[in-house]
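Student: I should like to learn how to read burial and strand pairing in a model such as this one. May we begin with burial?

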Amino acid sequence: MINIVGFADRDQHVVVKGGDGKDDLCVVDTLPQGYKGAIDVRFFGEAGDDELVVKAEGDLQSVSNAFLLADGGAGFDHCDVSSMVKVVNCES
Ligand SMILES: [Ca+2]
């Protein structure tokens with residue numbers, strides 16, 4: 001489980017890579033009250049059959065620009081994401 005807790009006055013730029021093998025990865029991005037920055041969170045399962053959970057929570061009202069990605073990569077991957085997250089290469 002990876003928790004991302006941003007600062008109210010800073011942009012977020014995050015890349016997580018699972019590497020080879022079967023990964024069970026969970027990331028929750030909790031935005032503080034009054035967050036006005038940009039979000040760029042990219043989550044890669046890479047090779048193997050992965051379980052990816054990517055969620056954005058907290059104060060999303062004033063986010064200036066958001067890009068959240070869950071990319072399962074090769075293998076048979078399962079993704080569970082919140083509404084803002086773009087999903088690619090996930091089979092279920
Ligand atoms: Ca994969």
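Tutor: A residue is called buried if 20 or more other C-beta atoms lie within 10 Å of its own, exposed if 12 or fewer, and partly exposed in between, with C-beta atoms placed from the backbone. The model is predicted: local features need pLDDT of at least 70, side-chain atom pairs count only at pLDDT 80 or more, and totals for chains, interfaces and linings use all residues. Residue numbers start from 1 along each chain as its sequence is written.

Student: Is Phe76 buried or exposed?

Tutor: Phe76 counts as exposed because it has 12 C-beta neighbours inside 10 Å. Phe76 lies in the loop between strand 6 (65-71) and strand 7; strands are DSSP runs (E, at least two residues), numbered from the N terminus.

Student: Which residues does Phe76 contact, leaving aside neighbours within four places in sequence?

Tutor: Contact requires C-beta atoms, placed from the backbone, within 7 Å. By that criterion, Phe76 touches Asp49 and Glu91.

Student: How are the strands of the sheet ordered?

Tutor: Strands of a sheet pair through backbone hydrogen bonds, either parallel or antiparallel. Pairing requires that DSSP find at least two bridges between two strands. Here 4 strands form an open sheet in the order 1-3-5-7, with parallel pairing. Strand 1 (2-5) and strand 7 (78-81) are at the edges, each with a single partner strand, so one side of each has no neighbour in the sheet.

Student: How many bridges join strand 3 and strand 5?

Tutor: Strand 3 (residues 24-31) and strand 5 (residues 51-58) are joined in parallel by 8 bridges, and Asp29 has Ala56 of strand 5 as its bridge partner. Strand 5 and strand 7 share 4 bridges, also in the parallel sense; there, Val53 is opposite Asp80 of strand 7.

Definitions and conventions:
Contact = placed C-beta atoms within 7 Å.
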